[in-house]
Amino acid sequence: MDLERVAAVIRPRSPWEAIDLGFGMVRAWWRPVGAAWLATVAPVWCLLFLLLSGKPLFALFVLWWLRPLFDRVPLFVVSRCLFGAPPPRGAVVAELRRLWGSDLWAGLTVQRFDVARSFHLPVGQLEGLAGAQRRRRIELLNRASHGQAAWLTFGCFLLELAACIALLEVIGIMAPQPESGLAAAFQAAADGEAPYWLGLVIGAVSFLAFTLLEPFYVAAGFSLYLSRRTRLEGWDVEIAFRRLAGRLAGRSAAVLLLALLSLLAAPGAVHSQGAADPAPDPARAVHQILAGPDFHTREKVTTWKRRQPAPKRPEEEKTAESPPGSDSERGDRSERGDRSGRSSSRGLPLPSLAIGSAGLVGFLVAAAILAVLAALSLGAWRDWRRRVRLPGEKEAGTPLPQALFGLDIRPESLPLDVPAAAWAAWESGDPAAALALLYRGALACLVHRDGLEIAPSWTEGDCLAAVRRRGARESSDYLAQLTSAWQSTAYAHRPPAREEAQALCAGWSRCFRAQPQAAAA
C-alpha cells in the first residue's frame, strides 16, 4: 500500500465526513465500479431469479443472504482506484474466485448479521486477517466510529426499501388497466397463483434498488475504515514527513557544501572567537531559564473525579457496635440515608450518568415500538371492521352514496331485470348504455344489498380493490371483467365483442341474483 500514490487527501476526519468521502468515491469512479458490478453481480442475480421465478420471495431471501459476497466486488475496485492502481478490464472476473472463496463460511454465517459489515469488511479482504487477529483488529476499530457504521447500515436499508416501494408504485401507476396492475398480481400471488412476470418484476426492481445503493454503502464503510486507521497509525503524519524528505533531498548536498566552504573560509575567526568568549556556567543558565515566564504559567482545569467515601466519625463507630434492630442503628441508617441523598443530589459519577442515559434511550425506543404496534393494531382492527359486519349489526348512520363517478346507483333507478334491459340496449346499438346499466346494477347490489362501504370520491379501481378485500372470488373476477369492458367503452370508445357482452349479461345474473329493489324493500 503506497500512501504517496493515494488519490484522496489522507487526514483525520469525523465519521460523517468520512461517510461523505465514501459517497464521493463512488461518484468519481462510477464507471469501473458499475462495470465490475454488472459483470459479476448481475449474472448471479438474473440466474437465481430465472431459476426461482415461481418463488420470488425465496429468491430475494437467497440473494439477501449472499450480500456479503456481493459487497466484496465494489470494495475491490474502490480500494484499487484509491491507491492509484485501477483494475483493468477482466481483472475483477479473474479475481472473483479469490474474492468470493476467501473466508466464505464465516462471511455467510457468523459475520452475516454484523450491523457494521461495510466497516469491518476491509479487515478480512484487504488486510487478510482471520480468527483471533481479526477479532482483535475489529475490537480496536470499534472503539470509535462503530455507532456511525451501524447507523449507515440502517439508513441504507431504509433507503433501499423506499426505492423498491417507489419503483413498484411507479410501475403500478403506469399500468394501463387496474386488473392488470401489480395489486391484482400480488392478490393472485397471495391466493397461490402468482403470474410468471411478477417474479421478474420483483427481481428487476430489487436489483435496481440494490445497484443504486449498495456501492455507496460499501465505499462509505471503507472510508470510515480509512479514517479510523489514519487516527490510529498516523498516516497523515507519515505522508507529511515523506513529502518533506522528498523536498529536502535535492537541497541536502548544496547545504552541506555551503557549510563546509564557510568553515574553511574563516578558520582563524572561529578559533579566536572561541578563545575570547568563555564557556557559560551551566547551572546559572539553567536557573535563568527556570526563572523565566514559560515555567511560571498557571492554568485552572476542571475534571471529573470519583468521590471518595468520607472517613467514619467516632459516633458512627459506636453505632456500628450496637446490636441489629436497635434504635441507635435505625437512627444511624436514617442519617446515612439523608447524607447519601444529599450527596447524590449534588452530582453523579460518569458511570451512573451513562447507565441513566442508556436506560432513558431504552425506554424511549420501547415506547416508540409500542406506539407503532398500537397504531398498526388499530389500523388492522379498523380495516377488519370495515370489511366484516357482525350479525345483526346495523350501519352507523353514514349515508350511502347515491352516485359514483357520475353513475346513479340508487336501486329505484334500475329496471327489474338488469341483464335483460342491458341486452336490449346492446341490441339497439347502444353498448355504452348497456355496460353502464350492468355496472350500475353491480354497484347498487354491492352497496345497498351487500353493505359494501364505498366513499363517493372513489374510482373504479378503488371499488374493485374493496370487493377483492372482501374475499368474494367470483364477484371480484366478474367485476374486474365488467370494469375493464366499461372503461374501454366509456373512455376509449372500444366496446367489447358480442360474445363478451353476452357473457357479461349471463355473469351478472349469476353473481347478483337478488334484485336491488327487493333488498331496498
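Start in the largest nonpolar core of this predicted model. It takes in 56 residues, and the ones to select are F70, L82, F222 and L226, which have the most contacts inside it. Now colour helix α12, residues 196-233: this helix supplies 11 residues, the largest share of the core.

Stay on L226 for a moment. What does L226 touch once its neighbours within four places in sequence are set aside? Show M25, L82, F83 and W235, and you have those contacts. L82 is thus a partner of L226 as well as one of the residues with the most contacts inside the core.

Apart from that core lies another one, with 38 residues. To find it, select L443, L446, L479 and A485, which are among its members.

With both cores on screen, zoom out. The protein has 25 helices and 2 strands. Of its 521 residues, 33% count as buried. If you're drawing a contact map, take the contacts between residues at least 6 apart in sequence: 74% of them join residues at least 24 apart.

Next stop, a pair of helices. Two packed helices are described by the angle between their axes and the distance between the axes. Select α2 (residues 30-51) and α3 (residues 56-65): their axes are 9 Å apart, and the packing angle is about 150°. Angles over 145 degrees count as roughly antiparallel, so that is the label for α2 and α3. The crossing of these two is right-handed. For the side chains, show W45, L48 and F49 on α2, then P56, A59, L60, V62 and L63 on α3, where the two helices meet. Which classes of residue make up this contact? There are 8 nonpolar residues, with no polar and no charged ones.

Now jump along the chain to α20 (residues 418-427) and α21 (residues 431-449). Here the axes come within 7 Å and cross at roughly 165°, so α20 and α21 are also roughly antiparallel to each other. Is their crossing left-handed or right-handed? For α20 and α21 it is left-handed. On the α20 side, select V418, P419, A421, A422, A425 and W426; on the α21 side, P431, A433, A434, L437 and L438. This contact has 11 nonpolar residues, and again no polar or charged ones.

Time for some backbone torsions. Most residues other than glycine have a negative phi. Centre on D103, which is not a glycine yet has a positive phi of about 55°. You'll find D103 in the loop between α6 (96-101) and α7 (104-108). Its relative accessibility is 34%, so D103 counts as partly exposed.

Then go to S145, another non-glycine residue with a positive phi, this time near 75°. S145 sits in the loop between α9 (132-141) and α10 (146-173). Is S145 buried or exposed? S145 is buried, with a relative accessible area of 14%.

Last stop: P88, in the loop between α4 (67-82) and α5 (91-94). This proline counts as exposed, at 57% relative accessibility. Add P32 to the selection and run a C-alpha to C-alpha distance between the two: P88 and P32 are 8.7 Å apart in space, with their positions 56 residues apart in sequence. P32 also brings you back to α2, which spans residues 30-51.

Definitions and conventions. Residues numbered from 1 in each chain as written. Predicted model: local features only at pLDDT ≥ 70, side-chain atom pairs only at ≥ 80, totals over all residues. Heavy atoms only, no water. Core = buried A, V, L, I, M, F, W, Y, C linked by side-chain atoms within 4.5 Å. Buried < 20%, exposed > 50% of the residue type's maximum accessible area, 1.4 Å probe, protein only. Helix = DSSP H or I, 4+ residues; strand = E, 2+ residues; numbered from the N terminus. Contact = heavy atoms within 4.5 Å. Axes fitted to C-alpha atoms, helices over the stretch in contact; angles between N-to-C directions. Parallel < 35°, antiparallel > 145°, perpendicular 65-115°, else oblique. Left-handed = near helix turned anticlockwise from the far one by under 90°. Nonpolar A, V, L, I, M, F, W, Y, C, P; charged D, E, K, R; others polar.
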